[in-house]
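Reader: Hey, can you walk me through this one? I'd like to start with the aromatic rings.

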Amino acid sequence: MTEVLLERRYRPIPEDILLRAFEVLDPAKRGFLSKEELIKYMTEEGEPFSQEEMEEMLSAAIDPESNTIHYKDYIAMMVIDEN
């Protein structure tokens with residue numbers, strides 16, 4: 001996936017669109033999703049992630065202390081600075 005991103009085969013998704021996508025999954029507007037919620041959404045809804053893709057995402061996204069994903073922090077990590 002990193003190789004594809006670095007080769008710029010796909011246009012990056014703007015940060016505000018990523019944030020809105022996560023906010024749809026967080027109707028209570030807590031600012032985070034639990035690990036279980038994230039796994040459910042990513043494996044049971046839409047185009048499901050494979051086990052390998054899920055493990056890779058979780059290793060980068062989940063805060064090991066709280067076992068949650070603070071999606072604003074994760075989005076900031078994912079966004080590529082075009083400058």
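Author: Sure. A search of the whole structure, which is a predicted model, finds two aromatic pairs. Rings of Phe, Tyr and Trp (its six-membered ring) pair if their centres lie within 6.5 Å; planes under 30 degrees apart count as stacked, over 60 as edge-to-face and the rest as tilted.

Reader: Which residues make the stacked pair?

Author: Phe 22 and Tyr 71, at 5.4 Å centre to centre with 5 degrees between the planes. Phe 22 sits in helix H2 (residues 15-25) and Tyr 71 in helix H5 (residues 71-78), so this pair ties together parts 49 residues apart in sequence. Helices are DSSP runs (H or I, at least four residues), numbered from the N terminus.

Reader: And what does Phe 22 form with Tyr 74?

Author: An edge-to-face pair, 6.4 Å centre to centre and 90 degrees between the planes. Ring pairs link Phe 22, Tyr 71 and Tyr 74 into a cluster.

Reader: Is Phe 22 buried or exposed?

Author: Phe 22 is buried, with a relative accessible area of 8%. Tyr 74 is buried too, at 10%. Buried means under 20% relative accessible area, exposed over 50%, partly exposed in between (1.4 Å probe, protein chains only).

Reader: New topic: where is Glu 55 found?

Author: In helix H4 (residues 51-61). Glu 55 counts as partly exposed because its relative accessibility is 47%.

Reader: Any ground rules for reading all this?

Author: Residues are numbered from 1 along each chain as its sequence is written, and side-chain values use heavy atoms, leaving out hydrogens and water. Local features need pLDDT of at least 70, side-chain atom pairs count only at pLDDT 80 or more, and totals for chains, interfaces and linings use all residues.

Conventions
Helices (H or I, at least four residues) and strands (E, at least two) are DSSP runs, numbered from the N terminus.
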